[in-house]
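Biologist: Could you go through this assembly with me, starting with how the chains meet? Please put it in front of us before we begin.

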Amino acid sequence: MNTSTIIFYAIAALILGAAILAVTTLKIFRSAIWLLFSLVGIAALYFWMQVEFIAAIQIVVYVGGIVVLIIFSIFLTQQSGKEMAKPATSKMIFSALAALFGTGFTFNLINHYGFNNISAAPFNPSVDEIGMQMLSTTSHGFILPFEVVSMLLLAAMVGCIVIAMKPTEATIVHLNKKED
Amino acid sequence: MNEVPLTHILFVSTALFFIGMYGLFTRRNLITMLMSIELMLNSVNINFVAFNKYLFPDKLDGLFFSLFIITIAAAEAAVAIAIIINLYRSHQSIDVDDATEMKF
Amino acid sequence: MFSLEGITTNVQDWLLMKFNPTMALAIECVIVILLSISLFAILGLVLVLMERKVAAHIQIRLGPNRVGPGGMFQTVADTLKLIMKEGLTPDKADKFLFNLAPFVVMMVGMLLLAPIAFAKNFQIWDINIGVLYISSVSSLSVIGILMAGWASNNKYSLLGAMRSGAQIVSYELSAGFAVLTIVVLTGSLQISEIINAQQNGWWIFKGHIPAVIAFVLYIIAVTAETNRAPFDLAEAESELTAGFHTEYSGMRFALFFLAEYINIFIVCAIGATLFFGGWMPLHIGNWEAFNHIMDYIPSSVWFMGKTFFLIFLIMWFRWTFPRLRVDQLLNLEWKYLLPIRNMFLKEYITDVLTGVTSLLKGMRKTGYYFTHSKEIITEQYPDNRATLLMSDRFKGEVVMPHDANNEHTCTGCTACELACPNGTIKVVTKFETSPEGKKKKAIDALVYRLELCTMCNLCIVACPSDAIKMAPNFEHSVFDRTKLTKVLNQPGSKIREGIE
C-alpha cells in the first residue's frame, strides 16, 4: 500500500458512494449534486491515471455543461423543498437484484480473464500529440469522426432550439390550417 | 508504474454502470433517468481510458473514443433537456408515467 | 535582495533528507494548505479595504478612516463582527446543501490557486494543461452559486442563481477564446512555458492587435464571470434583495464575500500571467543594461504588482459603470464579444468603437477624481467641530439672539405664534410695571418645540422687530424628548430699550 493506491481507493469510494446516493436520494436537487460529486470523482480518477487532458475535458463538459443544464432544467420544472415519490418496494428489490446479478456476473468474467498482457510502457500523452493525431489524415488519424461529430453537434444545437422554442401565433395558425 | 491492477479499475467502472442501471430502473422522473444514463456513459469512458493506459500505452485510440463519447453525451443531454422542457410545457409534469398518450 | 526563488527546492531537499517520501509529501501538503489558507485570509482583508478605499476616492470621499491608522484595521473589525454574528438557516431550507454551498465556492478558489506561479520557481503544481485546468475548474464555481440559490428556498435567491448561471456559462466562452489566443501564440498550455515565452517582451506588447483585443475581451469576460459590477445581476440589490446570498448571514456570508475577492485575485493573476508575463520582469528587445536593471527587482514583486494593477482596473470598472440589464448582458456576450458579424461589419465596428470611446470617457472622469485626492470634500466631522463652517442659508433651529447686557428685542407681539403653521411656537406674556407706573406687555417665555418645527422660516419673516432668527445648528439628538422643548429667552433677560 503506497500513497498512490490509497488515493485510488479513496477516489473509487467517492465515485461509487456519490453515485449510489445520486440514484437513491429522493430530493432531486441533491441527486444532481451527488451526480456532480461522482463526475468530479471520475475526473480525479483521470488525473490519477495521468490523462490530464481527458480530466479537464470531463470537468468542462460534464460539470460545467451537463450538470449545469440538468440543474437549470430542475429549476424550471421542480419546486424547491418537494420530494419525489418513493419507488415501489417490489420494483426496488427486483432492480437491486438485477443490478447485483449483473455486477457479480461481470466481476466474475473480469476475474477469470485476468488481463495478463499488461504492457509496462509509460503512458503520458502530451496535448500536442493528442491534437496532432486527432486531426491527422493518415492511418491512425481521427479527422473523419472529428468532422462528423462537429456536424452532429450542429444538428443537436438546431434540434434543441427547434424543440424548445415556444410556437408563435403564426405557426399555430399554420399548423391548424394543415390539419383542416 | 502504479500497483493498482487493471481489474480493480474495471470493477469500479462495472459497479458504476450497474448503479446507473439501478437508477434507470427505479426512477420515474425524466431528469433523474437522464442522470443515470450519464453515470453509465461515464463508466464506459473509464473503461476506454483504462484499457488504453494499461494495454496499449503506445496508442491513443481509447482517449479519442472517450473524447467522442463525452461530446456525444453533451449533445444528447442538450436534446434530452429540450424534450423534457417541452414535455413539461404540455403535461405540467416530467414523470414518465404521466406521458402515456402514445401508449398502445 | 529578497525573493521567493528557490525556497521551494531547499524545503523539499530538507524534507526528503529528514523523512521518507510519503511523509515528506504529506508535510508538503500541510505546508501548502496552511500557506494558501493564510494567503486567502490576508487577501480578503487587503482586497476589501482596497475596494472601499478605491470606491471612496473615485466618489471624492475618504472611505474607512477610524479603525487603526488611516482605517487599516477596518476589515479586521468587520471580520470579527461577522464571526460573532449568528449564522441563520431558514426554515424549510435544504440544510445540508445550504451549509455546503459557501464551502464549495471556497474550495473552487483553492483549487484554482494550484497552477499559479507566484514567483520564479514558486508554484504549487506546474500541470502540463495549466490553462485548460484553470478554465475547467473555474466553471465549477457556478455550482456553488446554484446550490446556494436552490437550497435557500427563496425566490430571490433562485432568480439570482439562475441569472448567475446563465451569465457565467455564456461568458466562459469569451474568456476561453481570449485565453486560446495566448495559447496559440505560445504553443503550449503549461503556465511556466507561457511565462518563459515572454522573456523578450510581454504578449500584450509582442502579440500586436490580437493580444490587445484578447486582453480587452478577457477583462470584460472575467468581470462578468466573477459577478462583479457592472455585471452583478446575480446580486442586484434593487431587484433581488441580495441575490443568491439573501438568506446567508454571519460567517457563511463572509465566506461568499471572501470567495468573490479570491476569485478576482485569481482571474487577475491569470490575466497577469497570460498577458503581462507573470513574474517576468519588463524586458525590452536588446537593451541589455535596462533588462539587467529590471532583473534586480524580485520576481514576486513583479507578479504582485501586475496582479494588483489588474485588480485596480476591475475595481475602477465597478465604480464607473452602471449595472446592465439582463438582456443587455446577454446581447453583449452573444452579439458583440463572441462573433464578428460578417454581414454587418461596418455597423459592428462603429458600434464597438462608439461603445469603447464612451466607456473610456467615463473611466477618464473617475480616474481623474481618483488621482486628485485634494478635491475630496469629506468633512472630518466630530474632530473639526471647532472649525466647521456652516453656510448661512442652512436652517437648523430658531434662536433668539441676546446682546452682552442679556437683552433681546422681542416685544411679545405673538406675530410669530400666529404665523406658525403647526403650533411650534407659543408666546407666554406677562405685564410688568415700569418705573413710571405704567403697565407694559412683555414676554415671560417664548416656548419653542423643536420636534414640531419644519424650518419653514415663516416666524422669522413675520417678526416685526427681528427678535428671532434661524441658526445653522444641527446637533439636536437627545435621549429625553422633553429636552426638545426649549424656552428661547434666557432667564432674567429684558427687552432692549427703545423697542416698542
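Biologist: How many salt bridges does the rule find across the interface of chain A and chain B?

Modeller: Across the interface of chain A and chain B the rule finds 0 salt bridges, and please keep in mind throughout that this is a predicted model. The count of residue pairs in polar contact between chain A and chain B, with both residues at pLDDT 80 or more, is 8.

Biologist: Which parts of chain A make up the side that touches chain B?

Modeller: The helices α1 (3-24), α2 (28-48), α3 (52-77), α4 (89-113), α5 (127-134) and α6 (143-164) of chain A each bring at least two residues to the side that touches chain B. The most comes from α3(A), which gives 13 residues to that side. By residue class, the side of chain A that touches chain B divides into 57 nonpolar, 22 polar and 3 charged residues.

Biologist: And what area do chain A and chain B bury between them?

Modeller: Chain A and chain B bury about 6,800 Å² between them, and 78% of that is on carbon and sulfur atoms. The contact takes 82 residues from chain A and 69 residues from chain B, and among the 2 pairs of chains that touch, chains A and B have the most contacts.

Biologist: Where does that leave chain B and chain C, touching or apart?

Modeller: Chain B and chain C do not touch, and their nearest C-alpha atoms are 14 Å apart. Chain C does meet chain A, with 29 residues of chain C in contact with 28 residues of chain A.

Biologist: Which residues of chain C lose the most area to chain A?

Modeller: In chain C, the residues C:I143, C:W150 and C:M162 lose the most area to chain A, and together they account for 26% of what that side buries. The area buried between chain C and chain A is about 2,500 Å², with carbon and sulfur atoms giving 81% of it.

Biologist: How many salt bridges or polar contacts turn up there?

Modeller: Across the interface of chain C and chain A the rule finds 0 salt bridges, and it also finds 0 residue pairs in polar contact with both residues at pLDDT 80 or more. On the chain C side, α2 (21-58), α4 (95-113), α5 (130-138), α6 (141-151) and α7 (155-186) each supply at least two residues that touch chain A. Of these, α7(C) gives the most, with 6 residues, and the residues of that side divide into 22 nonpolar, 6 polar and 1 charged.

Biologist: Changing topic, how many salt bridges are there over all chains?

Modeller: By this rule the count comes to 8 salt bridges over all chains. One of them joins C:R318 to C:E51, with the closest N and O atoms 3.2 Å apart. C:R318 lies in helix α14 (residues 299-318) of chain C and C:E51 lies in helix α2 of chain C, so the pair ties together parts that are 267 residues apart in sequence.

Biologist: What about aromatic pairs, how many are there?

Modeller: The count comes to 33 aromatic pairs over all chains. In one of them, the ring centres of C:Y171 and C:F231 are 5.6 Å apart and the planes are at 50°, so the pair is tilted. This pair links distant parts of the chain, 60 residues apart, with C:Y171 in helix α7 of chain C and C:F231 in the loop between α10 (208-225) and α11 (237-240) of chain C.

Biologist: Let's look at the strands, then. In which sense do β5 and β6 of chain C pair?

Modeller: Strand β5 (residues 425-433) of chain C and strand β6 (residues 439-449) of chain C pair in the antiparallel sense, over 9 bridges. Along that pairing C:V428 stands opposite C:A445 in β6(C), while C:I425 has C:Y448 as its bridge partner in β6(C). The hairpin has 5 residues between the strands, and there C:G437 takes a positive phi near 90°.

Biologist: Which strand does β6(C) join through 3 bridges?

Modeller: Through 3 bridges β6(C) is joined to strand β8 (residues 485-487) of chain C, and the two run antiparallel. There C:R449 stands opposite C:T485 in β8(C).

Biologist: Which residues have a positive phi although they are not glycines?

Modeller: Among them are C:I60, with a positive phi of about 55°, and C:T414, with a positive phi of about 65°. Most residues other than glycine have a negative phi. C:I60 is found in the loop between α2 and α3 (74-84) of chain C, and C:T414 lies in the loop between β4 (407-408) and α17 (415-419) of chain C.

Note on methods: Residues are numbered from 1 along each chain as its sequence is written. Chains are lettered from A and ligands numbered from 1 in the order in which they are written. This is a predicted model: local features need pLDDT of at least 70, side-chain atom pairs count only at pLDDT 80 or more; totals for chains, interfaces and linings use all residues. Side-chain values use heavy atoms; hydrogens and water are left out. Contact means heavy atoms within 4.5 Å. Two strands pair if DSSP finds at least two bridges between them. Helices (H or I, at least four residues) and strands (E, at least two) are DSSP runs, numbered from the N terminus. Buried area is the accessible area (1.4 Å probe) that two parts lose on being put together, summed over both. A salt bridge is a side-chain nitrogen of Lys or Arg within 4 Å of a carboxyl oxygen of Asp or Glu. A polar contact is a pair of N or O atoms within 3.5 Å; within protein, one must be able to donate a hydrogen and the other to accept it, and residues adjacent in sequence count only if both atoms are side-chain atoms. Ala, Val, Leu, Ile, Met, Phe, Trp, Tyr, Cys and Pro count as nonpolar, Asp, Glu, Lys and Arg as charged, and the others, Gly among them, as polar. Rings of Phe, Tyr and Trp (its six-membered ring) pair if their centres lie within 6.5 Å; planes under 30 degrees apart count as stacked, over 60 as edge-to-face and the rest as tilted.
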